[in-house]
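Q: Hi, could we go through this model together? I'd like to start with a pair of helices and then move on from there.

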Amino acid sequence: MNHLHAGGVVILDFGSQYTQLIARRIREQNVFSEILPSNTNIKIIMERKPKALILSGGPSSVFEKTAPQFDINIFDIDIPILGICYGFHLLAHHYGGKVESGIQGEYGLVNIHLDQSDSILYGISDGTQVWMSHMDKVQELPKGWSVLAKSSNGMVAAMASVETKRYATQFHPEVAHTVEGESIINNFLFKLACCEPNWTAGNFIHEQIETIQNHVGDGKVICGVSGGVDSSVVSALIHKAVGSQCTSVLIDHGMLRKNEASHCISALKDGLGVNILSFDESDVFLSNLSGVIEPEKKRKIIGEQFIRSFEKVAAQIGDVFFLAQGTLYPDVIESGEGVGNSAHIIKSHHNVGGLPKDMNFKLIEPLRQLFKDEVRNVGRELGLPDLLINRHPFPGPGLAVRVIGEVTKTRLDILREADDIFIKTLHEEGLYDEIWQAFAVLIPVKTVGVMGDQRTYENLLGLRAVTSSDGMTADWFRMPDEALTKISNKIVNSVKGINRVVYDVTSKPPGTIEWE
């Protein structure tokens, strides 16, 4: 582990839907945090040199035979430990308290009343609102522990053993519904664990430059760029680290947005002086995708062909051993390589789960532990133009995962034009920057319409716009009626092949942001 990671916080994941939020809340305070599986060996944990450990919530009961496994030696380490929800029960159970299962739970908003306004609850208001989500409860505290707060239902809501540096909350301080949750987390980080707020964009860049230089030596690197903020930040970072040793490569796979390639090359080459080349590989990509409908298969085909195309480019350049790409933390998690062997594959990202095992490159992924907002901060620090930094996320497989069903040039061209109208209109209406991600989806359904007194039987188009902070959860954007009307009319009247437009009002979860 490097020096910025040392002195951070390790989070052991016991299956909570909020574990990613814990990590984000800590990083928002400029402290590094890392999520590890609940059963991580103590040796691996201590190699991180953490200042503190957090035990997440989870759906299990400490009594269940199927409860998540963990290394019992974690309770012997001399650093502060915070247990949240399931972690609250685990601490109580381990240290000899009494946990009762399934008697009476608490769900949603609850007020807590303080017994002691110190340690993690220092400066917290009596009666403050918190978010509960539990069935089990702590009936008796372990010997030597004290109650910090109880809920309005009379249940223990927070407890501590100050002498052993153990603290616990039944509620979730990481969620926005816990009004003073940020203060509680700050108390743990800075008053109790004495963490240093050194996880900043500037420090990250300095550290990564040194790491990249040591890793690459005098070798050559190609950096895959797509026009999105992630790959653009990686390109600028690698260029800053090794200069002319890096060649950024845009593989035009035929599934980019309208004018994407030219905009990306101009911003990086003219704006930052990055050495960048573009190669049109659209024919081979579309040929490989011919007849393919299943989303996971699409992603894996695209992931493999990207590598083969990069290998072809590398052969032309000569002696290239490294491939840099813009993999982010959410990519890793959703591809099932996140925090444990039981992680579900939500969708294989082409640059993670879609990579072939026999590729000839060593990967460089400097953003692999960052969330999207952290990447944007790094981009600003590197001097990337706002045009790139503020762009909505765009998937590596491109429009292939927005053309539902078979990907063909004709269907891509229809979607490209509709998507361009959608995005341009959002800019015109001053809505673009209010939205985390917006795009159009071509749906393999045709509907009857009437245009110019003539019957039409054309494609259905879906519009998607969401708000989010990191892409791990998202809510659908409440688009003004006037804007939706304008967008729909423009698309139907301008794009041949579309006669009906619908708007997606699904949040994540249960849906994902992309449709495939």
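Q: Is the crossing in which α13 passes α14 left-handed or right-handed, and what is it in this model?
A: Happy to help! This is a predicted model, and in it α13 passes α14 in a right-handed crossing.

Q: At what angle do the axes of α13 and α14 cross?
A: They cross at roughly 150°, and the two axes come within 10 Å. Helix α13 covers residues 409–428, and α14 covers residues 481–494.

Q: Which residues in α13 and α14 meet there?
A: From α13 you have Ala418, Ile421, Phe422, Thr425, Leu426 and Glu428. On the α14 side, their partners are Lys486, Ile487, Lys490, Ile491 and Ser494.

Q: Switching topic to the open sheet: what is the order of its five strands?
A: The order is β14-β13-β12-β15-β16, and the pairing is parallel. At the edges are β14 (276–280) and β16 (362–364), each of which pairs on one side only. From one strand to the next, the twist averages 30°.

Q: How many bridges are there between β15 and β16?
A: Three, in the parallel sense, with β15 made up of residues 320–324. If you want a spot to click on, Leu323 stands opposite Leu363 in β16.

Q: Which strands does helix α5 touch as it packs on the sheet?
A: Helix α5 (residues 201–216) touches β12 (220–225), β15 and β16. Its direction makes about 165° with that of β16.

Q: And which strands does helix α9 lie across?
A: Helix α9, residues 295–317, lies across β12, β13 (246–252), β14 and β15. The helix runs at about 135° to β13.

Q: Zooming out, how many helices and strands are there in the protein?
A: The protein has 14 helices and 20 strands. Its radius of gyration is 25 Å, close to the 24 Å that the globule rule gives for 516 residues, so the protein is as compact as a globular protein of that length.

Q: What box do the C-alpha atoms fill?
A: Taken along the principal axes, the box is roughly 75 × 65 × 40 Å.

Q: What about burial: how many of the 516 residues count as buried?
A: 58% of them count as buried. The accessible surface comes to about 21700 Å², and carbon and sulfur atoms account for 49% of that.

Q: One last thing: what share of the contacts with a separation of 6 or more comes from residues 24 or more positions apart?
A: That share is 75% in this protein.

Terms used:
Residues numbered from 1 in each chain as written. Predicted model: local features only at pLDDT ≥ 70, side-chain atom pairs only at ≥ 80, totals over all residues. Heavy atoms only, no water. Pairing = 2+ DSSP bridges. Helix = DSSP H or I, 4+ residues; strand = E, 2+ residues; numbered from the N terminus. Axes fitted to C-alpha atoms, helices over the stretch in contact; angles between N-to-C directions. Contact = heavy atoms within 4.5 Å. Rg over C-alpha atoms; globule rule 2.2 N^0.38 Å. Buried < 20%, exposed > 50% of the residue type's maximum accessible area, 1.4 Å probe, protein only. Areas by Shrake-Rupley, 256 points an atom, 1.4 Å probe, with all protein chains shown as cover. Left-handed = near helix turned anticlockwise from the far one by under 90°.
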